[in-house]
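Subject: Structure for you to look at

Hello,

Please find the structure below. Have a look at it before you read my notes.

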2 protein chains.
Amino acid sequence: MRIGQLAEATGTTTKTLRFYEESGLLPPAERMASGYRDYTDDAVGRVGFIHRGQAAGLTLAQIGQILRIREHGQPPCSHVRDLLGERLRELDAQIAELLALRETISQLHAQAAEPEPDTCSADEVCRYI
Amino acid sequence: MRIGQLAEATGTTTKTLRFYEESGLLPPAERMASGYRDYTDDAVGRVGFIHRGQAAGLTLAQIGQILRIREHGQPPCSHVRDLLGERLRELDAQIAELLALRETISQLHAQAAEPEPDTCSADEVCRYI
DNA sequence: ATGAACCTTCCAGTACAGTGGAAGGTCAAG
DNA sequence: CTTGACCTTCCACTGTACTGGAAGGTTCAT
């Protein structure tokens, strides 16, 4: 399977696949006589795993960690568990932060909804911020 | 006031202040005979405004827009109102996305909390993702 | 034999908000 | 007079996940 076919099968681009190889997420592909990359079918699963990892909010670096553990023959389960737990805590913090920010901005926005003030003092940039 | 003093007064670094100047967020400072930047007191307020804008989740580019409108003598109020409204919509979308992601990851994590499976099929990377 | 579609490598750039460091100039204290 | 703290410019780099393009090689159909 050539790189364009793998790209189509996984819904990505050839650029991205080469980038994944360079980043160590995909093992260097075998080459045909022509020099073209020659992928086996399980590359599809591997790319699918990368996409599912991304959908779970993991970074490519974290996905690469899991993949490398797997390559060393160990089941990465407990590592995955840890990563997911960590990601969950990050998400909670991030959501809390955004909710607080939403509150702040919502108030600023409500104030700014008042009619244009005829006095906007020159020594401040904008009274709403 | 030299750049180091302004940096201290505003809780930032000289590097960042020069970067703001280069980005058009701060007007080019007057220079002393030595070539050192010489800031007036209102620079403190201006940097404060930049920081408040950032705290409101605006990008430096957006803050720069407001600042430039202000410089043209117009009150930026209605523009600020629009920006805040836009930011509010973005935030709502972002929060909704993160909550959905949290749901997904929470489920994956719960599955991964089960004891290490003794069969982890070799043709998949990790059953949890 | 020629054109299209595919592949190769390499270099560079995107957005964002800075940060790091080198090489050199200025100023006040000791 | 020298030391140290401060300032100047300029260039390059950080992290993230790609994306764009140039210059050239391969394969297949016409």
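The notes below take the two copies, the DNA strands and a few single residues in turn.

This is a predicted model, in which local features need pLDDT of at least 70, side-chain atom pairs count only at pLDDT 80 or more, and totals for chains, interfaces and linings use all residues. Residues are numbered from 1 along each chain as its sequence is written, chains are lettered from A and ligands numbered from 1 in the order in which they are written, and side-chain values use heavy atoms, with hydrogens and water left out.

The two copies

Two copies of a chain are related by a rotation about an axis and a shift along it. Here, chain A is superposed on chain B by a rotation of 179° with 0.0 Å of shift along the axis, and the RMSD is 0.3 Å. The two copies are therefore related as by a two-fold rotation axis. The superposition is by least squares on the C-alpha atoms of residues with pLDDT of at least 70 in both copies. In chain A, the residue that comes closest to the rotation axis is I95(A), with its C-alpha at 3.1 Å. Both copies use the same surface, as 100% of the contact residues of chain A recur in chain B (contact means heavy atoms within 4.5 Å).

DNA strand C

Around DNA strand C there are 20 residues, and G4(A), R18(A), R37(A), K15(B) and Y36(B) come nearest. A residue is near a strand if one of its heavy atoms lies within 4 Å of it. Of the strand C atoms within 4 Å of the protein, 66% belong to sugar or phosphate and the rest to bases. Phosphate oxygens of strand C lie 3.0 Å from a polar side-chain atom of R31(A) and 2.8 Å from one of R37(A). The helix α2(B) gives the most to the surface near this strand, with four residues. Helices here are DSSP runs (H or I, at least four residues) and strands of the protein are too (E, at least two), numbered from the N terminus.

DNA strand D

Which residues are closest to DNA strand D? They are K15(A), Y36(A), Q54(A), G4(B) and R18(B), out of 20 that surround it. A phosphate oxygen of strand D is 2.7 Å from a backbone N or O atom of G4(B), and another such distance, to a backbone N or O atom of L60(A), is 3.3 Å. For the surface near strand D, α2(A) gives the most, with four residues.

Helix α1 of chain B

In α1(B), residues 3-10, the buried residues are I3(B), L6(B), A7(B) and T10(B). Buried means under 20% relative accessible area, exposed over 50%, and partly exposed in between (1.4 Å probe, protein chains only). The four cover an arc of only 100° around the axis, so they are on the same side of α1(B); the arc is that of the directions from the helix axis to the C-beta atoms. The buried residues of α1(B) pack against α2, β2 (37-38) and α3 (42-55) of chain B. After α1(B) comes G11(B), with a positive phi near 70°.

Two residues of chain A

M1(A) is in the segment before α1 (3-10) of chain A and counts as partly exposed because its relative accessibility is 28%. Among the residues that M1(A) touches are L6(A), R37(A) and V44(A). G24(A) sits in the loop between α2 and β1 (30-31) of chain A, and G24(A) is partly exposed at 34%.

Regards

Note on methods: Polar contact = N/O pair within 3.5 Å; in protein donor to acceptor, adjacent residues only side chain to side chain. Lists of a residue's contacts leave out its neighbours within four places in sequence.
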